[in-house]
Each structure stands twice: as C-alpha cells, then as structure tokens.
Amino acid sequence: MRLNNPSELESLRRSIQSRKHPDKPCITVCSGTGCIASGAEKVTAAFRSELEKRGAGGKVDVLATGCHGFCERGPIVVLRPSDIFYQSVKPENVPDIVERTVLGGQIIEELLYADPITGQKITHEHDVPFYARQSRIILGMNGHLDPTSIEDYIGLGGYGALAKALTAMTPEQVIDTVKRAGLRGRGGAGFPAGVKWETTRRSPGDLKYVVCNGDEGDPGAYMNRSVLEGNPHSVLEGFIIGAFAIGAREGFFYVRAEYPLAVKNITLAAEKARELGLLGKNILGSGYDFDVTIIKGAGAFVCGEETALMASIEGRRGMPRPRPPFPSVSGIWGRPTNINNVETWANVPLIINNGVEWFQKIGSATSKGTKVFSLVGKINNTGLVEVPMGTTLDTIVNVIGGGIPGGKKLKAVQCGGPSGGCIPARHAEVPVDYEGLKQYGAMMGSGGMVVMDEDTCMVDVADYFLRFTELESCGKCPPCRIGTKKMRGLLKKITEGNGEEADIDRLEKLAITIQKGSLCALGGTVPNPVLTTLRYFRDEYTAHIRDKRCPARVCKALIWYEIDPKTCIGCQLCAKKCPAQAITGEKKKAHVIDRQKCIRCGVCAQVCPKKSVDRRTREATGGA
Ligand SMILES: Cc1cc2nc3c(=O)[nH]c(=O)nc-3n(C[C@H](O)[C@H](O)[C@H](O)COP(=O)(O)O)c2cc1C
Ligand code: FES
C-alpha cells in the first residue's frame, strides 16, 4: 500500500484506531536491550504460550515494546490499560500473572516495586517515584508501541507532523517554527537547531545532506540507543521534516555497530516508511523526494564529533578537521550538511504538532523542552530519566533516582560524559540546563550522569575518565595526543603516593594548554574532570600528595587491610579466598595479613562474616 496524500494517512490512522479497543487488556513487555539482557524475550514467549494454553490469545494482546527507562528493574511488564507495573519478571512468574492479575484482577505484591527508603509497595507505573517526576515527551511512547510496527506509530498520530509540514507549511515556516520554539541541539553544545538548518538551507548548492548522529560513544550513556530502538519512527519523522526544511534529498543515519537492535529497528522503520510512501519519491504526493542510508559506525568515541563522523561516512578514517568551514557550508563530499543528534530530531514532530508555545512552556529560560539523561553509578534507581530542562540535580538524583544506596552520602555527579565535569553535592541545587552546568565547570554533553558517593576518590575518578579519553584520542593533534598522556602520568604519580606539590600546578597548566591548543572539542573538553575535581576537591589531591593518604581509601598504593583481632573468629574464610596467600592464622584464632604479600584486592573484607577486615589509610596531618 502507498499513501498518496495526507487524507490517506489520516484514513489509515482512523482505521488502525478503530481496530484497537481502548479497554482490551494488553501486556506490554519491555524489550529494550537492557530487559532483553535480563530475559525479556523468554518472558514475552511465556506470556504468548500461556494465553494460548488458556484460550485467551484473542482476548489479551502481548506487546514487545521499547525501553521503559527503568532498566535496572528489568524485565519490566506493564499491564494496560490498568498500568499495573511489575518488575524483574521471570518466565516462571508468567502463569501467576495471567491467572491472578490478567484474568483474576488481583495484584501480586512480590512483583511490585518497593520504595527503597519507605519500603512501600507501588502498584501503578505512573506512581513509581522514578516515573512520577519525569516529563516523558521523547521516551513516553516507548512503552506503548511495538517499534517494528509502523501501524502502531501511525495509530498514535505518527507522521501527522510530516503531513502538516509537507502540505501546509513552507520550508521557511518549518525553520521559523523550530527557531521560535528554541530547540537546541541535544548532542552536546546546545546550538540552536533552527539557526543551523537556516544556514544549511541558505548555503549555495543544490545537493545537500542531513545526518542523524547516533554514535553515542560516552561510556554508560544509552539515551539515543533507547529512542532508536524503542521509537525509531519518531526520529525518522523529525529527520524527514528537517530535510524538507533544509532542502536535502539524501540523509544518513550514523549508528554505532555495537547497537544492533537500534540499527535493525531504524533500518526496518525506513523500509516500512518507504513502502507506505512516507520516504522516497514524491512523499505523500507532495512532490518532495528524500531517502536515507543507514551507516554503521565502528565504535570510536571521536567519530561522534561531526567532522570525524563525516570523514567516516565518506569512507575515510574518522578524524576531525578544523572548522571553519562548518558542515552547514561544506560537509560530506564538500556539500552543505546538517548534523543533529537523535534526540534533537525526535523533538521536531512534537514541535510541529503541538506548536511553539507548548514547547516553550517546558524547560528553563534559555533551554527549552526536556532532556533525557542516563542516570548511573551509586544510585538506587538506575535508568533513563527525562525531565524538563532546569530541573535541579538534587531532584534528579534524590527524588527520581531514589538517592544513594546503603544510606551513603552523595559526593558528586559527573555530568556530560567522560569529558564533562564533577559537580559536588553542595551544588546539587544547580538547575540542569546548558548554562547551569557550565557555571560549575560541567556540561550537558549528550546526557550522561554518573553519581558518586562518599566512598569515591575524586583523584581516581579524574584518572578513570582521562584513561578513556586518552585511549579515544585520535592522535591527530599533539596537545590532545601527548597532553592526555602527560596528565595521566601526573595522576598516576599522585595516586601512587609519589606526587609533589608542584604537580597540581603542572596539571592545571597542562589542562589549559590542551583546552586551548586541541583541534576538536574532544581535546577541548578532556581536562574537565581534572579541572573540576581540582576546583571542588583540591583537598583530596593535597592529601594524596602531602600526607600520602587516600581519604576515600580507594588508591591501592595508599591503603592497607587489617584484621581486628578482637572480632576475628578465625573462620579461615579470608585465608582461603585470598588470591595472594597473604593471610595466615590458626583455626578459631585471630588472623593476620602480610602487607608485603597483600595485593589490596579487598576480597578478605568482602567475605568476612564478622566484618573484621578494615581498609585503612594514613591519618590526616592537616592535608585533608
Ligand atoms: C569527541 C566528541 C564526541 C561526540 N559525540 C557525539 C555523539 O555521540 N552524538 C552526538 O549527537 N553528538 C556528538 N558530538 C557532538 C557533535 O560534534 C555535534 O555537535 C552534534 O552531533 C550536533 O548535533 P546537535 O546540534 O543536535 O547537538 C561529539 C563531539 C565530540 C567533540
Ligand atoms: S530495557 Fe527495559 S527498561 Fe530499559
């Protein structure tokens, strides 16, 4: 079937909706990568066979959806329309769910989410604190549709914005709408999308390209993956609208090969859209032609940088080049090229459908709309969080994220990926938007948030992130290639207890040189973890250097383990598990650790039933 005009799209939508009864029970099983890893496919299969077995196959739908965001609790099952939320569901729970909840209307307490602080059980998805304070305009549809079905998307109003843009708006009006809405790029820098579109449109030349940047190389970040996997048509629709506004006839989705489900779903989405005449020649009978190619990236962090990404698309080694010329003037094969992030494109249909004022009402004064964050680290609720920009870090971590496990204290949050900055707990009231984070030396990046508790050593953290960027530096420019190595050398010296007072000054000088002298924003932002930890946690650097102590008791060279002879029961478990045979002692008598042999792996502390093993560092002498 081919849709020849917007009326035919509207008729199809009505016919899809008329076939769906709003009260028909539907079991949605999250089938995002996270839930698949914890067994979602077996859960879906179990539901289908259980319903068949009971002759209820036609009365209840089973829907394998995209990521619901609360991946840590997967596999997640939500029963609609009641919204009953079950977590960590296993295939063996399925007969019970069908018998007691789907057919019997009862709630199974054991499968409900329990608030980590109050222990209170919560029945409905929208009441789970993780979801209750979010505004899920980008992720919201993920839990309501099968990402492989274009009918599901159209049934929910999908491609209506495209029809409107192509037939009721000029390209200039589309650009003006996106500009007035204040949509800023979600891939890092927050550049106004409409301004970039306008520049590309005005650049001379008939041949122009658009690119969707789905490289997402930040460790721990998976916001873009989740949208491409769970609602690929929303990105594709925004992409086609943008291409129309810019005047491009060809576009590229650049998605890393490590995202096989995202690649599969966006490829399938493009095929289905092409079949229906929503992509390809004469889209919806408008006379506008546009098509896309899906490109798999090989997984280098630097290939997310726009000029390196374009080199990769052209078949060259993915290395950045100086700008100007900017891609909007000279991009792929020298043609004007507009690159936007997955989440930026996914916002476009929402703006066209709901209008400028609607969008402007969400977010802060300078940053409109929502932002999806990937909340990971020492946090109770790990997952994807979508909030209006300007929401405080405290709300994200302590309310939505449910605070820090084990009653520990929040120490800092690393915002903006490996080259972002660490914001200390005392500034947790910062509104999270482009300007708010910058003020504290961090950045929005594409939305990575790593939470750290009191047991985290901030010098070690700076070293950890620098290790990543050192490895991912493409090597083209010396400040980044050599500077990251030199900085790591200094950090190693400090964490190993060999630091000198002058090393802090050396680190700061190197950081400024790398920032100013690097070719691309990788080098430009690499020093951020070092600079922010020096700014907020300088006393920890001083403690490592002056006192040769690690206050968080993390750096191996500065700690040792001791067994408390008063509480040790001589069970010998530590001695048996120690990989270095560093522990001796008779049965039922206190044991001793040989510090020369000990490799500080901490296994003894983990296995001791009496918690008699202590991790020690030197006493403070005033350094920290
Ligand atoms: C090292 C490096 C990695 C980047 N990785 C990504 C990425 O994975 N995804 C992304 O959209 N932008 C990434 N960017 C930013 C892009 O260069 C570019 O600004 C962005 O794709 C533009 O889209 P936006 O305006 O919608 O944010 C990266 C930049 C640098 C310097
Ligand atoms: S993959 Fe299921 S909640 Fe994210």
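This is a short tour of a predicted model, from the whole fold to the ligand site and then to some unusual backbone spots.

**Whole protein**

Start with everything shown as cartoon. There are 24 helices and 19 strands to find. The radius of gyration is 27 Å, close to the 25 Å that the globule rule gives for 624 residues, so the protein is as compact as a globular protein of that length. Align the view to the principal axes. Along them, the C-alpha atoms fill a box of roughly 85 × 65 × 40 Å.

**Ligand 1 and its pocket**

Now select ligand 1 and turn on a protein surface. Ligand 1 occupies the largest pocket. Two elements each give two or more residues to the shell around ligand 1: strand E10 (337-341) and helix H21 (521-525). Color E10 next. With three residues, E10 gives the most to this shell.

Expand the selection to residues within 4 Å of ligand 1. How many residues surround ligand 1? The count is 19, and the closest are Gly 187, Glu 216, Asn 340, Asn 341 and Thr 344. Color the shell by residue class. Nine of its residues are polar, six are charged and four are nonpolar.

**Polar contacts to ligand oxygens**

Show sticks and draw distances. Three stops here:

- Thr 344: a polar side-chain atom is 2.7 Å from an oxygen atom of ligand 1.
- Asn 213: an N or O atom of the side chain is 2.9 Å from an oxygen atom of ligand 1.
- Glu 306: here a backbone N or O atom is 2.9 Å from an oxygen atom of ligand 1.

Switch to the ligand surface. Taken on its own, ligand 1 has 610 Å² of accessible area, and the protein covers 89% of it.

**Glu 216**

Stay at the site and select Glu 216, one of the closest residues to ligand 1. Check its backbone. Glu 216 is not a glycine, yet its phi is positive, about 40°. Where does Glu 216 lie? It is in the loop between strand E7 (209-214) and helix H10 (223-230).

**Cis peptide bonds**

Go to Pro 325. The peptide bond from Pro 324 to Pro 325 is cis, and omega is near 0°. Pro 325 belongs to the loop between helix H13 (306-313) and E10. E10 is the strand that gives three residues to the ligand shell.

Finish at Pro 81. A cis peptide bond joins Arg 80 to Pro 81, with omega about 10°. Trace the backbone on either side. Pro 81 sits in the loop between strand E3 (77-80) and strand E4 (84-86).

Notes. Residues are numbered from 1 along each chain as its sequence is written. Chains are lettered from A and ligands numbered from 1 in the order in which they are written. This is a predicted model: local features need pLDDT of at least 70, side-chain atom pairs count only at pLDDT 80 or more; totals for chains, interfaces and linings use all residues. Side-chain values use heavy atoms; hydrogens and water are left out. A polar contact is a pair of N or O atoms within 3.5 Å; within protein, one must be able to donate a hydrogen and the other to accept it, and residues adjacent in sequence count only if both atoms are side-chain atoms. Accessible areas come from the Shrake-Rupley method with a 1.4 Å probe; for residues, only the protein chains shown count as cover. On a 1 Å grid over the protein atoms alone, a cavity is a set of points where a 1.4 Å probe fits but cannot get out, and a pocket is an open set with protein on both sides within 12 Å along at least five of seven lines; lining residues have an atom within 4 Å of a point. A molecule sits in a cavity or pocket if more than half of its atoms lie within 2 Å of its grid points. Helices (H or I, at least four residues) and strands (E, at least two) are DSSP runs, numbered from the N terminus. Ala, Val, Leu, Ile, Met, Phe, Trp, Tyr, Cys and Pro count as nonpolar, Asp, Glu, Lys and Arg as charged, and the others, Gly among them, as polar. The radius of gyration is taken over C-alpha atoms; the globule rule is 2.2 Å times the number of residues to the power 0.38.
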